[in-house]
Amino acid sequence: MMPANKPAKRRIIHIDMDAFFAAVEEQRKPELRGSPVVIGGRGDPTKRGVVSTANYEARKFGIHSAMPMMIAYKLCPQAVFLPVDYEAYVTASRQFKSTLLSITPIIEDIGIDEVYLDISELADTSENIIARIKAGIKEKTGLTCSAGVAANKLLAKIASDMQKPDGLTILNEEDIESRLWPLPARKLYGIGPKTESYLKNIGIETIGQLACLTLEKLLEYFGHSYGQYLYDSARGINESPLITHWEAKSVSRETTFQKDVKDWQVIARTLAALTKEVVNDLHDGGHRTKTITVKIRFSDFQTLTRAKTIDDYTDSEEYLRKAAFACLKRIDLNKRVRLIGVRASNLEKSIG
Ligand code: TTP
Ligand code: MG
């Protein structure tokens, strides 16, 4: 029997669609298949704008997300360049996510083409569950995805990226040394270009090398919360729960800017204002919260969320603003921001 104080081992799946925007375009225009396809901006490679994604044929020429369209054109002039049709991708996104409800309601929606599922309570093997997921998505949308299975969100996300496209990777605890540690530190969720170059400067390139740093050193370099996060992550440790859409109680506010914003001051002021509104909503409902999630959508519609779970339930604006800014710090603001959102989840009714 398991000792009472040891948390049960979880089984988390991360699903990430393959070349998502490009795959949706190929699905509705089958004549594109086999050709290099690049999606970005208004689809005109002679104009400004960056690549949202490229299909695998185009990637062979070195084209990737966030690359200027003009460079993509130089690398592969014969590619088909298409404008971003966000509506079509949102529709496909809803369709593939709806098929997952037949597997479990414990789903965290983290982006247009990716989700986590918690299958800890299911009896079936991971392989069988993934086979059902892939078949369901294929039937409903015609699209393929890659899946990762592990004991937590951090490892599941790394696993889904290991064998793309149409992959399935199961990452167990005993694989950490052989399969996690050789990877570049950048592969860890939450390590952006800034942390990556900081780490390179101190001679750290891989997750394994990061795992060699003492906790004291990491706290000194990166502060309490991020330092501890890096220490745990390098060891494949991550307790963060799934934040599900179906959570009965959460309070959120978001705002879309009239014009996409680059100025950090404006972003920070908006984040503080949204947090204040969320805190007011908590007060109105008589709730306190444990988890704050910040959502940033960039001008190219890439959407990132970062969550922070704090030790005790609180409704203190100061405390929650700190948590929101800790989340923001983990997002690399290298593109213009279109939308900011703040959510408080994991709520409890305040006493009195
Ligand atoms: P990703 O899952 O990062 O990429 P992908 O699905 O195109 O390819 P992969 O097979 O490697 O998963 O992103 C999902 C979609 O989000 C992508 O199709 C387009 C969009 N996106 C952007 O618009 N800008 C970006 O910088 C990135 C990384 C993605
Ligand atoms: Mg993808």
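Biologist: Which loop holds D166 in this predicted model?
Modeller: This is a predicted model, and the local features discussed here need pLDDT of at least 70. At 47% relative accessibility, D166 counts as partly exposed. As for its place in the chain, D166 sits in the loop between helix 6 and strand 8.

Biologist: What is phi of D166 near?
Modeller: Most residues other than glycine have a negative phi, and most peptide bonds are trans. D166 is a residue other than glycine, yet its phi is positive, near 55°.

Biologist: And what is omega near for the peptide bond from K164 to P165?
Modeller: P165 belongs to that loop too, between helix 6 and strand 8 (168-170). The bond from K164 to P165 is cis, so to speak the other departure to look at here, and omega is near -5°.Biologist: How far does the backbone nitrogen of D166 lie from a polar atom of the side chain of S146?
Modeller: S146 is found in strand 7 (residues 145-150). At 0% relative accessibility, S146 counts as buried. Among the residues S146 touches beyond four places in sequence are K164, P165, D166 and G167. From the backbone nitrogen of D166 to a polar atom of the S146 side chain, the distance is 3.2 Å.

Biologist: Which side chain makes a polar contact with the side chain of S146?
Modeller: The contacts of S146 also include H14, I15, D16 and D18. One of these reaches the S146 side chain with its own side chain, at 2.8 Å, and that residue is D18.

Biologist: Is F301 buried or exposed?
Modeller: F301 has a positive phi of about 75° although it is not a glycine. You'll find F301 in the loop between strand 10 and strand 11 (303-314). Its relative accessible area is 19%, and the cut-off for buried is under 20%, so F301 counts as buried.

Biologist: What about N238: which side chain does its side chain make a polar contact with?
Modeller: N238 is in the loop between helix 11 (224-234) and strand 9. With a relative accessible area of 13%, N238 is buried. Leaving aside neighbours within four places in sequence, N238 is in contact with R10, N152, K153, L154 and Y229. For the polar contact between side chains, at 2.5 Å, the partner is S240.

Biologist: How many bridges join strand 10 to strand 12?
Modeller: Strand 12 (residues 337-349) runs antiparallel to strand 9 (residues 251-261), with 7 bridges joining them and S252 standing opposite R343. Strand 10 (residues 287-298) also runs antiparallel to strand 12. There H287 stands opposite K349. The number of bridges from strand 10 to strand 12 is 11.

Biologist: On to charges. How many residues apart in sequence are the parts tied together by D109 and K97?
Modeller: A search of the whole structure finds 22 salt bridges. In one of them the side chains of D109 and K97 meet at 2.8 Å, N to O. D109 lies in strand 5 (residues 107-111) and K97 in helix 4 (residues 86-100), so the parts tied together are apart in sequence by 12 residues.

Biologist: Of that pair, what is the relative accessible area of K97?
Modeller: D109 is partly exposed, with a relative accessible area of 32%. K97 is buried, and its relative accessible area is 15%.

Biologist: Which helix does K157 lie in, given its salt bridge with E114?
Modeller: The side chains of E114 and K157 meet in a salt bridge at 2.6 Å, N to O. E114 lies in strand 6 (residues 114-118), and the pair ties together parts that are 43 residues apart in sequence, with K157 in helix 6 (residues 153-160).

Biologist: How far apart are the closest N and O atoms in the salt bridge of D281 with R253?
Modeller: Both partners are partly exposed: D281 has 21% relative accessibility, and R253 has 32%. The salt bridge between D281 and R253 has its closest N and O atoms apart by 2.9 Å.

Biologist: Where in the chain do those two sit, and how many residues apart?
Modeller: The pair links distant parts of the chain. D281 is in helix 12 (residues 264-285) and R253 in strand 9, and the separation is 28 residues.

Biologist: Last one: about how much accessible area does the nonpolar patch on the surface have?
Modeller: One of its members, I71, is found in helix 3 (residues 69-75). At 42% relative accessibility, I71 counts as partly exposed. I71 forms the patch with F61 and L75, and together their accessible area is about 240 Å².

Terms used: Residues numbered from 1 in each chain as written. Chains lettered and ligands numbered in written order. Predicted model: local features only at pLDDT ≥ 70, side-chain atom pairs only at ≥ 80, totals over all residues. Heavy atoms only, no water. Patch = residues over 30% accessible without salt bridge, like charges linked within 9 Å, V, L, I, M, F, W, Y side chains within 5 Å. Areas by Shrake-Rupley, 256 points an atom, 1.4 Å probe, with all protein chains shown as cover. Salt bridge = Lys/Arg side-chain N within 4 Å of Asp/Glu carboxyl O. Helix = DSSP H or I, 4+ residues; strand = E, 2+ residues; numbered from the N terminus. Buried < 20%, exposed > 50% of the residue type's maximum accessible area, 1.4 Å probe, protein only. Pairing = 2+ DSSP bridges. Polar contact = N/O pair within 3.5 Å; in protein donor to acceptor, adjacent residues only side chain to side chain. Contact = heavy atoms within 4.5 Å.
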